Amino acid sequence: MVRVMWLPGSTLCVIAIAIIAASACTSTQRPDSTDVERFIASRAQMVERDISDRGVEDPLVLSAMLAVPREEFVPNDYRDQAYNDYPLPIGEGQTISQPFIVALMTELLNVEPGDKILEIGTGSGYQAAVLAEMGADVYSIEIIPELAERARGALASTGYEVRQRVGDGYFGWEEHAPYDGIIVTAAPDHVPASLRDQLGPKGKMVIPVGPTGGVQSLWLIEQRDGQWVSLNQGAVRFVPFVRGQ
Ligand code: SAH
């Protein structure tokens, strides 16, 4: 049984605004060296202003977010906005989460190099790249084949190794369980029991739960003394968790 516990003092009020994109495309466009320098400077500014100054402390998370070229995971038309702290359209009506949310969710997972992490909702591949940069062994499931394919390209061109699968992540990826962490980047209206079952004894799950377009909460779920504990991390807004046929 899930025991719900509120952490009043540490409740974070976080709004990730989901922007529904009419359309977006990604084609390969290599940046020149001035672009590269500009993006490095923007990335450093993002990590300081939007992540560490807002309370994310895990050095592994901060250094991964300093290292992963986020501009490579957004459509060409949005490259210049890659380091702004809001979600961006990635096509097919989906979004890449704002940098702060990526950092917060990653910190909650408490990732250590070598951990096995399952992500539900590959999207652009950016979150998976951050986890891979931290030394995690990353498995990621995406329900929209076109997005999975684009993410595959972005991950390959940036040099991150992530095992990907196309399908409904509701039932997890049993074959590789147990996981040290499960991160869900779309919001279902309940916590899928099969995902919880695929966590190891010290595993953690970070998952937004709530109605589409309504108030959703970000939950950290873990076991303490053999009991499941769910800790509310505050209000968020994510794209819906859709179910396959
Ligand atoms: N982690 C992504 C965020 C993408 S948005 C990133 O870094 O860009 C959430 C993604 O979850 C969308 O791409 C959506 O298609 C996917 N999704 C929604 N329901 C899903 C399901 N049941 N199984 C797998 N992926 C799902």
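**The ligand site and its surroundings**

An oxygen atom of the ligand comes within hydrogen-bonding style reach of E142: the gap to an N or O atom in that side chain is 2.6 Å. This is a predicted model, and the distance, like the others here, is computed from it. E142 is also named among the closest residues around the ligand, together with E119, S124, G169 and V242. Two further polar side chains turn up at the ligand's nitrogen atoms. For D168, an N or O atom of the side chain is 2.9 Å from a nitrogen atom of the ligand. For T185, a polar side-chain atom lies 3.2 Å from a nitrogen atom of the ligand. As for cover, the ligand has 570 Å² of accessible area on its own, and the protein takes care of 99% of that.

The ligand sits in the largest pocket. Four elements each give two or more residues to the shell around it: strand 3 (94-96), strand 4 (116-120), helix 4 (126-133) and strand 5 (137-142). Strand 3 is the top contributor, with three residues. In total, 25 residues surround the ligand. Sorted by type, the shell holds twelve nonpolar residues, ten polar ones and three charged ones.

Strand 3 has a partner worth a look as well. Strand 2 (residues 88-91) pairs with strand 3 in the antiparallel sense, over three bridges. One pairing can be pinned to residues: L88 has I96, in strand 3, as its bridge partner. Strand 2 and strand 3 form a hairpin with two residues between the strands. E92 belongs to the loop between these two strands, and its phi is positive, near 60 degrees, even though E92 is a residue other than glycine. So much for the hairpin beside the shell's top contributor, strand 3.

The backbone has another feature to note, this time at a proline. The peptide bond joining A177 and P178 is cis, with omega at about 5 degrees. P178 is placed in the loop between strand 6 (163-166) and strand 7 (179-184).

Back at the ligand, the polar picture comes down to three side chains: E142 at an oxygen atom, D168 at a nitrogen atom, and T185, also at a nitrogen atom.

Technical notes. Residues are numbered from 1 along each chain as its sequence is written. This is a predicted model: local features need pLDDT of at least 70, side-chain atom pairs count only at pLDDT 80 or more; totals for chains, interfaces and linings use all residues. Side-chain values use heavy atoms; hydrogens and water are left out. A residue is near a molecule or strand if one of its heavy atoms lies within 4 Å of it. A polar contact is a pair of N or O atoms within 3.5 Å; within protein, one must be able to donate a hydrogen and the other to accept it, and residues adjacent in sequence count only if both atoms are side-chain atoms. Accessible areas come from the Shrake-Rupley method with a 1.4 Å probe; for residues, only the protein chains shown count as cover. On a 1 Å grid over the protein atoms alone, a cavity is a set of points where a 1.4 Å probe fits but cannot get out, and a pocket is an open set with protein on both sides within 12 Å along at least five of seven lines; lining residues have an atom within 4 Å of a point. A molecule sits in a cavity or pocket if more than half of its atoms lie within 2 Å of its grid points. Ala, Val, Leu, Ile, Met, Phe, Trp, Tyr, Cys and Pro count as nonpolar, Asp, Glu, Lys and Arg as charged, and the others, Gly among them, as polar. Two strands pair if DSSP finds at least two bridges between them.
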